[in-house]
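Please examine the sequence and the three-dimensional structure shown below. The briefing after them describes selected features by topic.

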Amino acid sequence: MIASPLILRVLHHHRRGIFGWTLGIIAIVAVQLGVYPTVRSSASDWAALTESFPDAIKQIFRMEDYTSERGYLSAELMSFTVPFIVMGFGCSWGARVGTEEEEMGTSDLILSLPMSRREYLVSRIVASIIALGVLLGLFAVALVIGSRILEFSIPLHSYASAALSLFLIGFLMMSIAIFIGAWKGKRTIALGLSMAFAIAAFVLYSLGPLVSFIDATMPYNPMQWTIGSQPLSDGTSPWNTLWAGGSGLLFLIAAGLVFERRDLIG
């Protein structure tokens, strides 16, 4: 079911992209951790400043207890910036899975090799998941190293929960992009629609605490299943993990079904 040479080929071909995304996310971690000593040294002033923010802003960016280690990391890394990077990475890689060879005009060549369409698609999916795992693995390593330098008291399992929640939202958005790409055969359509879904989910997640009828939809929002569970403080819920991972898996199964039936252009 898996063609290892194809996986290695995909990862090698996109190694610079992986490096760029990883460098960007590590740079964000370094910058935000570098700012925290200033916040910690003047905690009372920062607490007064954040208290002066409108309630809407504090709720949108989950700025509870901003001056604490967990509260700061949750607000600066887990509420907006890093989730958007991860979702963008997932959508970008997922949109290529069922479309890249067609757009390059090499699909006939690749599928003439002794492998089935399913084997090809699974191999591309595995390569994409590995790339996502590398991105978030190095994110977690950078976060742990930086926090240890700053002598944070947050335990390692909290960082693992944060990385897992980000992996799940990235995996789900990647799976949606893979399905759309396998169905429509156009990378731009897959990328555009999956990013539109990601943005819509995030906007609804952000507005949930402010609007009662939107708040009622939160149990069905993938953002709530992942980063909304406050992984740095409360860990990752097994039930939410099952929802996010299971939903992604369903999209991948659907992608396999439509990819096997779609006419490919070499």
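What follows concerns a predicted model, one residue in a helix and the packing of two other helices. Local features need pLDDT of at least 70, side-chain atom pairs count only at pLDDT 80 or more, and totals for chains, interfaces and linings use all residues. Residues are numbered from 1 along each chain as its sequence is written, and side-chain values use heavy atoms, with hydrogens and water left out.

**Residue Q32**
- Q32 lies in helix α2, residues 15-41 (helices are DSSP runs of H or I, at least four residues, numbered from the N terminus).
- Its relative accessible area is 18%, so Q32 counts as buried (under 20%, with exposed over 50% and partly exposed in between, for a 1.4 Å probe and protein chains only).
- Leaving aside residues up to four places away in sequence, Q32 touches Y72, E76 and L77 (contact means heavy atoms within 4.5 Å).

**Helices α6 and α9**
- The axes of α6 (residues 81-97) and α9 (residues 117-149) come within 10 Å and cross at roughly 160 degrees; axes are lines fitted to C-alpha atoms over the stretch in contact, and angles run from 0 to 180 degrees between N-to-C directions.
- The two helices are therefore roughly antiparallel (angles over 145 degrees).
- Residues making the contact include V82, F89 and W93 of α6 and L121, I125 and L132 of α9.

**Helix α9 and its end**
- Helix α9 has 33 residues and reaches 48 Å from its first C-alpha to its last, close to the 48 Å expected at 1.5 Å a residue (1.5 Å times one less than the number of residues).
- E151, which follows α9, has a positive phi near 60 degrees.

Technical notes: Parallel < 35°, antiparallel > 145°, perpendicular 65-115°, else oblique.
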